[in-house]
Structures are given as C-alpha cells and as structure tokens.
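Please look through the sequence and the model below before reading on. The report that follows moves from the whole chain to its interior, then to its surface and to a few single residues.

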Amino acid sequence: WVAIALVFTSENQKAKGIKSWLQAFLSILGITAAVILIYWLWLSSTLASIASFAPTNVQQVLDQVDQIAGLLTKYYFYLFLLMVGIAFSLTIHLMQKLQTASPAGAIFAPISLIVVALMVSTTNLRVIHADISYKMAESFTSGNQWPVATLLYQNSLELTPNEDFYYLFLGRSFLEQAKGVKDQAELDKLVKEAELELKKAQQINPLNTDHTANLGRLYSWYASQAQDPVVRNERGEISSKYYSAAVKLSPQNSTLWGEWAILMLEILNKPEEAVKILEHTIQVDPYFTWTQSLMGNYYLRQSQAITDTVKKTALLEKALGYFDTAVSIVNSYPDPQIMYNAMLSQADTLRQLNRTDRAIEVYQKVLKINPGASNAWKIRALVAQMYAQKGDKANALIFATDALNSAPDDQKGPMESFIKQIQALP
C-alpha cells in the first residue's frame with residue numbers, strides 16, 4: 001500500500017518540492033485508506049451479523065446460506081465500483097477534450113454493462129453461490145440432519161441445474177433419509193426420489209461411472225430391505241444391471257467388481273457367478289486387499305455348509321490362502337482398519353483349522369492394532385479359550401480376566417462362569 005502510494009505520487013507531475021510532494025503522498029494514503037475502510041466496515045458488519053445469528057429452523061438456515069453467499073456478491077460489486085472509479089480517473093483528461101459523445105457508444109455502453117453483469121452472475125456468481133450451499137450441506141450430513149442437507153442441495157441445483165455432482169449428492173441425501181425411515185410407503189417414496197436424482201446425474205454425465213454405480217448401490221440396499229423374496233430378487237436384478245453397466249464404463253475398477261460379487265452372493269444367491277466375478281476382480285487387481293478378503297470369505301462361508309471333514313478342511317485352506325495374501329498386501333501400505341479386518345479373518349480361519357499357536361499369535365496382533373474395538377472382549381475370550389485348551393492356565397486367566405473387564409454388562413455373568421471353569425483346571 002505504502003510502496004504503491006510512493007510510486008503513484010512520484011508520477012504526479014503537479015507535485016513540486018518536498019511540501020507539495022508530501023501533501024500529495026498523504027492525500028493518496030488518506031483517500032485509499034478511506035476506500036479500504038468503507039469496504040472493511042461493510043464486510044465486518046455482515047460477518048458480525050452472520051456470526052451472531054443462530055438458525056432455529058430450515059428457512060433461517062437457507063437465509064444464512066444466502067447471507068454467506070452474499071459476501072462474494074458484495075465483494076464483486078465493490079470491485080466493480082473501484083474499476084469504474086479507476087477508469088474515470090484515468091480518462092477524465094480525455095473526456096474534457098471530447099466535444100461530442102458517440103451516439104452508438106451512448107446506446108451500446110449501458111447494454112454492454114447489463115449483458116456483462118448477467119454473464120458474471122450466470123457463469124461465475126451463481127456457480128460459486130451454489131457451491132457455498134453445497135459445502136454448507138455437508139455440515140448437516142455429518143450431524144445426520146439429512147432433510148436440511150436435502151434442501152441445501154436443492155438450493156444448489158436451483159442455481160446450477162446442470163451440475164451432475166449436485167444431483168449425485170441429492171440422491172445420496174434421499175437414500176440416507178430412507179435408511180432412517182420405518183414406514184414402508186415413506187421409504188419407497190424416498191428411494192424413488194433418490195433414483196430420480198441419480199438418473200438425472202447419469203443423463204447429464206453418462207460417462208461418469210459414479211452415477212451408474214450409485215444406482216446399483218441404491219438398488220442393492222433397497223433389495224436388502226425387502227421381506228418378500230420375489231421383490232428382493234427383482235430389485236437385486238436391477239442392481240446387477242447397473243453394476244454390469246458400471247464395470248463396462250470402468251473395467252479396471254476392482255471395487256465395483258467386488259460390490260457386484262457381494263450382490264450376487266448375498267442378495268441374488270448366485271455363488272457360482274459371485275466367485276467368477278471375484279476371480280476376474282483378482283485378475284484385474286491382484287494387489288487389492290479387499291477383494292482378496294472377499295474371496296477368502298467366500299470359501300470360509302462355503303466351508304460352514306459342509307460337514308465332510310476333508311472337503312471342509314480343503315475349503316478352509318483355500319480361504320486361509322486368500323487371507324494370508326490379503327495380510328501380506330496390506331503390510332506393504334499399512335492401514336490399521338484394513339489390517340484389522342484382514343488379520344481377524346485370518347485368525348478365525350486358523351482357529352477353525354485348529355492351528356492354535358498361530359491363531360493366538362494373530363489374534364494378539366489384532367488386539368494390538370485396536371485394543372478398544374467393540375468386539376475386543378470376544379477376541380480375548382477366544383484367546384483365553386485356546387490357551388485353556390492348550391493347558392496354559394496362567395495365560396488363559398489373564399485373557400479371560402481382560403475379556404471380563406471389557407465385556408458388556410449382559411456378558412459379564414457368562415465370562416465369570418468361564419473364569420471359574422479355567423480356575424478349576426488342573
């Protein structure tokens with residue numbers, strides 16, 4: 001500010017001598033300070049108004065969003081006034097020399113001004129206002145206030161009706177509302193609303209895989225809510241069609257292949273097709289822990305339905321192979337939650353194969369990753385049970401006592417009985 005004022009004063013040809021030069025310098029500083037102060041007071045009063053206002057209903061939330069978005073409008077308007085002022089100050093000496101104004105200029109200047117203002121509003125201001133509304137909606141999604149988030153997403157779409165991203169999140173908002181509804185008619189209505197918005201997003205940007213995939217996810221969840229097997233299957237088939245289209249758009253997306261396999265396995269009850277999809281998924285990306293774990297879980301589930309010891313063991317061995325691979329992959333880029341899930345499945349399989357020592361070792365690693373997990377007491381109880389089977393009474397009591405301390409109240413009685421059984425061991 002001071003440096004530019006010095007440069008500007010030095011360009012003033014009327015400033016002769018130290019006194020006049022200093023007067024010009026101080027005048028420039030004063031005028032520019034006043035210009036700055038006007039905007040500062042205008043902006044700070046608006047910010048104070050926003051900060052002191054606590055919305056108590058949806059309409060007040062929308063009003064506050066408009067206020068926040070209005071900060072940018074004020075900024076643009078103020079910059080426009082500055083530009084006009086600067087243009088006037090730079091051309092005032094030329095205007096004095098002009099004898100007559102051009103009629104064409106007098107006609108087109110105001111028209112151009114209106115057109116430019118409309119263009120700025122449509123292509124710039126409205127877009128940013130819409131994004132502000134979208135960003136505000138996110139704070140309500142984290143607080144599980146989905147109806148408010150829905151209104152804010154709709155507000156964004158009123159400002160920019162061709163933004164597929166907003167339709168995507170509006171659809172998600174309707175779906176999340178549906179998850180909290182018990183009335184079947186209301187649930188069906190919200191799902192249809194979600195489907196409608198997701199289809200709009202798909203129509204605007206058909207090559208965006210997310211839109212097609214989210215329609216698949218929508219119907220997969222919707223199928224899981226159906227009590228009637230026929231309805232469940234119908235919805236599952238619709239979901240499968242969307243997943244089929246999604247993997248054509250993104251054939252290397254192993255997450256989509258995995259989700260499709262889960263749909264086939266858990267909703268449509270087509271294990272043969274599910275395993276084919278999983279095999280293809282692993283070919284697409286052999287270094288994805290989740291799909292390796294899904295394949296392991298598939299064989300683990302198959303083993304539960306078989307009583308033949310030899311066949312059961314063979315399936316468990318296959319499951320363990322995939323879980324071992326999943327753990328080795330995640331070791332390359334440690335992620336606590338992924339590691340926890342993969343190692344827990346690995347340990348469960350080892351326990352079923354009666355490889356007690358290794359199972360105990362893996363379970364203990366799992367407990368170190370997340371000692372406060374909700375199911376940690378169950379893991380400690382399993383470890384205590386395996387130590388008791390080995391005849392290691394001391395370690396069995398240590399883990400059983402830890403399990404008792406962290407168990408929910410309704411499980412403390414059985415755990416106390418279990419500890420007495422261990423104490424009774426020779």
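Helices, in this report, are DSSP runs of H or I with at least four residues, numbered from the N terminus. With that in mind, I36 can be placed in helix 2. The model shown here is a predicted one, and every value below was computed from it.

**The chain as a whole**

The chain holds 18 helices and 0 strands. Its radius of gyration is 34 Å, well over the 22 Å that the globule rule gives for 426 residues, so the chain is more spread out than a compact globule. Along its principal axes, the C-alpha trace spans about 110 × 55 × 45 Å. Of the 426 residues, 38% count as buried, and the accessible surface of the chain comes to about 24600 Å², with 61% of that belonging to carbon and sulfur atoms. Among the contacts in the chain with a separation of 6 or more, 54% are accounted for by residues 24 or more positions apart.

**The nonpolar interior**

In soluble globular proteins, nonpolar side chains tend to be buried together. The largest nonpolar core of this chain has 68 residues, and those with the most contacts inside this core are W260, Y363, I379 and M415. Helix 16, which covers residues 376-390, gives the most to this core, with 10 residues. A second, separate core has 33 residues, and V61, A130, Y134 and F140 are included in it.

What does W260 touch, if residues up to four places away in sequence are not counted? The residues that W260 touches are then S240, Y243, S244, V247 and I277.

F418 lies in helix 18, which runs over residues 409-423. Is F418 buried or exposed? Its relative accessibility is 18%, and because buried means under 20%, F418 counts as buried. When its neighbours within four places in sequence are left aside, F418 is in contact with A381, A384, Q385 and A400. F418 and L397 are 21 residues apart in sequence, and from C-alpha to C-alpha they are 9.5 Å apart in space.

**A nonpolar patch on the surface**

Nonpolar residues also appear on the outside, where W1, V2, L6, W21, L22, L26 and I36 make a nonpolar surface patch of about 670 Å². The elements that give two or more residues to this patch are helix 1 (2-10) and helix 2 (17-52). Helix 2 gives the most to the patch, with 4 residues.

**Two loop residues with positive phi**

Two asparagines, N269 and N354, are listed together in the table with their phi angles, their places in the chain and their relative accessibilities.

| Residue | Phi | Loop | Relative accessibility |
|---|---|---|---|
| N269 | about 55 degrees | between helix 10 (254-267) and helix 11 (271-284) | 61% |
| N354 | near 60 degrees | between helix 14 (336-352) and helix 15 (356-369) | 65% |

N269 has a positive phi although it is not a glycine, and the phi of N354 is likewise a positive value in a residue other than glycine. Since exposed means over 50% relative accessible area, N269, at 61%, counts as exposed. By that cut-off N354, at 65%, counts as exposed as well.

Conventions
Residues are numbered from 1 along each chain as its sequence is written. This is a predicted model: local features need pLDDT of at least 70, side-chain atom pairs count only at pLDDT 80 or more; totals for chains, interfaces and linings use all residues. Side-chain values use heavy atoms; hydrogens and water are left out. A nonpolar core is a set of buried Ala, Val, Leu, Ile, Met, Phe, Trp, Tyr and Cys residues joined through side-chain atoms within 4.5 Å. Buried means under 20% relative accessible area, exposed over 50%, partly exposed in between (1.4 Å probe, protein chains only). Contact means heavy atoms within 4.5 Å. Patches are made of residues with over 30% relative accessible area and no salt bridge: like charges are joined within 9 Å, nonpolar side chains (Val, Leu, Ile, Met, Phe, Trp, Tyr) within 5 Å. Accessible areas come from the Shrake-Rupley method with a 1.4 Å probe; for residues, only the protein chains shown count as cover. A salt bridge is a side-chain nitrogen of Lys or Arg within 4 Å of a carboxyl oxygen of Asp or Glu. The radius of gyration is taken over C-alpha atoms; the globule rule is 2.2 Å times the number of residues to the power 0.38.
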